[in-house]
Amino acid sequence: MTKPGSFWRNNVWTRGFRDPKKFVKLIISMNVGMYILSILFDPRSTGLTLHPLVFLSPSDPILKLLGATGTIPIDDYHRYWTLVSASYLHGGILHIFFNMAAFSQLATVANREFGVYRMFAIYTLGGIVGFWISYLAGVYLTIGASASVCALVGAILYYGKSRGGVYGKQLYRQIGVWVVFLFIFGLLVPGINNWGHGGGILAGIIFGYLLGYQEKRRENFFDRILAGVCLLGTFLVLIWAVGTSTYVLLLR
């Protein structure tokens with residue numbers, strides 16, 4: 001006889017969440033896979049210059065096809081699903097490297113303090129909110145995992161402040177340095193979506209508060225459902241993005 005709750009312990013979705021380290025690698029692999037596809041779909045337009053900021057950069061038309069978000073995709077084409085897909089697209093080798101390096105470090109902390117289900121929910125929903133805020137601010141085209149990564153920054157910032165104590169205060173100061181760095185980086189480097197960064201941090205703080213962390217309560221059925229919906233939704237959006245892009249390219 002099946003025990004109550006055994007479905008959520010044994011189905012394909014929760015098995016993917018069982019090992020936080022492997023799950024982080026899965027998200028990184030999804031980002032890398034989308035980046036490689038964006039190069040392969042139009043290799044002739046790829047940035048082959050030695051300039052580090054544009055080396056191996058996918059073309060703008062391909063990024064738009066695969067799901068870049070902003071006022072152009074949403075207002076002109078009603079592609080609201082790009083609020084999800086844009087987090088898995090990157091504009092160059094350095095762009096994806098720094099985003100995935102930051103994600104790997106922050107996800108390790110978020111997994112420990114919030115749990116892997118809540119970490120992924122915050123990552124996904126925070127990215128959506130961050131891009132939505134940048135859309136409202138008039139950003140016409142944007143990509144990258146930074147809005148989602150900034151949501152983890154916000155959640156950990158909330159955790160450190162809420163928990164307090166030596167560990168909480170130390171973590172709060174450390175993550176505060178990340179926020180200051182992001183602010184300075186956004187001012188100095190052109191093309192940075194500061195609205196997405198700020199929106200992601202704000203969303204992370206809010207979702208961190210609403211979902212809670214391990215020391216307040218353990219992850220429950222709702223957290224698993226929410227993370228499963230986020231994962232399924234992400235897969236469906238990326239499959240749709242790749243499928244429709246392939247179809248359009250084959251018609252050319």
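Which residues do ring pairs link into a cluster? In this predicted model, the cluster consists of Phe17, Phe23, Phe103, Tyr117, Phe120 and Tyr123. The overall fold is described before these rings are examined.

The chain is built from helices. Twelve helices are present, and the number of strands is zero. Read along the sequence, the pattern is therefore α-α-α-α-α-α-α-α-α-α-α-α, given that helices and strands are DSSP runs numbered from the N terminus. The chain holds 252 residues, and 48% of them count as buried. Contacts were also sorted by separation in sequence. Among those between residues at least 6 apart, 74% join residues at least 24 apart. The surface was then examined. About 13,000 Å² of the chain is exposed. Carbon and sulfur atoms supply 69% of that area.

Aromatic rings were considered next. A search of the whole structure finds 15 aromatic pairs. One of them joins Phe120 and Tyr123, with ring centres 6.5 Å apart. The planes of these two rings meet at 25 degrees, so the pair is stacked; the cut-off for stacking is under 30 degrees. A pair of aromatic rings is described by the distance of the centres and the angle of the planes. Both values are thus needed to describe a pair.

The position of the two residues in the chain fits into this picture. Phe120 and Tyr123 both belong to helix α8, which spans residues 116-136. They are three residues apart there, so about one helical turn separates them. Are Phe120 and Tyr123 buried or exposed? Phe120 has a relative accessibility of 0%, so Phe120 counts as buried. Tyr123 has a relative accessible area of 1% and is buried too. The cut-off for buried is under 20%. Through ring pairs, Phe120 and Tyr123 are linked in a cluster with Phe17, Phe23, Phe103 and Tyr117.

A charged side chain also meets a ring. Lys161 lies over the face of Tyr172. The distance to the ring centre is 5.3 Å.

Open space in the model was examined last. The largest pocket holds about 1,300 Å³ of space. It is lined by 39 residues. Closest to the pocket centre are His95, Ile143, Phe185, Gly191 and Ile192. Several helices give two or more residues to the lining: α4 (60-66), α7 (93-114), α9 (146-163), α10 (165-188) and α11 (194-211). Which element gives the largest share of the lining? That element is α7, which supplies eight residues.

How values were computed: Residues are numbered from 1 along each chain as its sequence is written. This is a predicted model: local features need pLDDT of at least 70, side-chain atom pairs count only at pLDDT 80 or more; totals for chains, interfaces and linings use all residues. Side-chain values use heavy atoms; hydrogens and water are left out. Rings of Phe, Tyr and Trp (its six-membered ring) pair if their centres lie within 6.5 Å; planes under 30 degrees apart count as stacked, over 60 as edge-to-face and the rest as tilted. Helices (H or I, at least four residues) and strands (E, at least two) are DSSP runs, numbered from the N terminus. Buried means under 20% relative accessible area, exposed over 50%, partly exposed in between (1.4 Å probe, protein chains only). A charge sits over a ring if NZ of Lys or CZ of Arg is within 6 Å of the ring centre and within 35 degrees of the ring normal. Contact means heavy atoms within 4.5 Å. Accessible areas come from the Shrake-Rupley method with a 1.4 Å probe; for residues, only the protein chains shown count as cover. On a 1 Å grid over the protein atoms alone, a cavity is a set of points where a 1.4 Å probe fits but cannot get out, and a pocket is an open set with protein on both sides within 12 Å along at least five of seven lines; lining residues have an atom within 4 Å of a point. Grid points are joined across faces, edges and corners, and a volume is the space filled by probe spheres set on the points.
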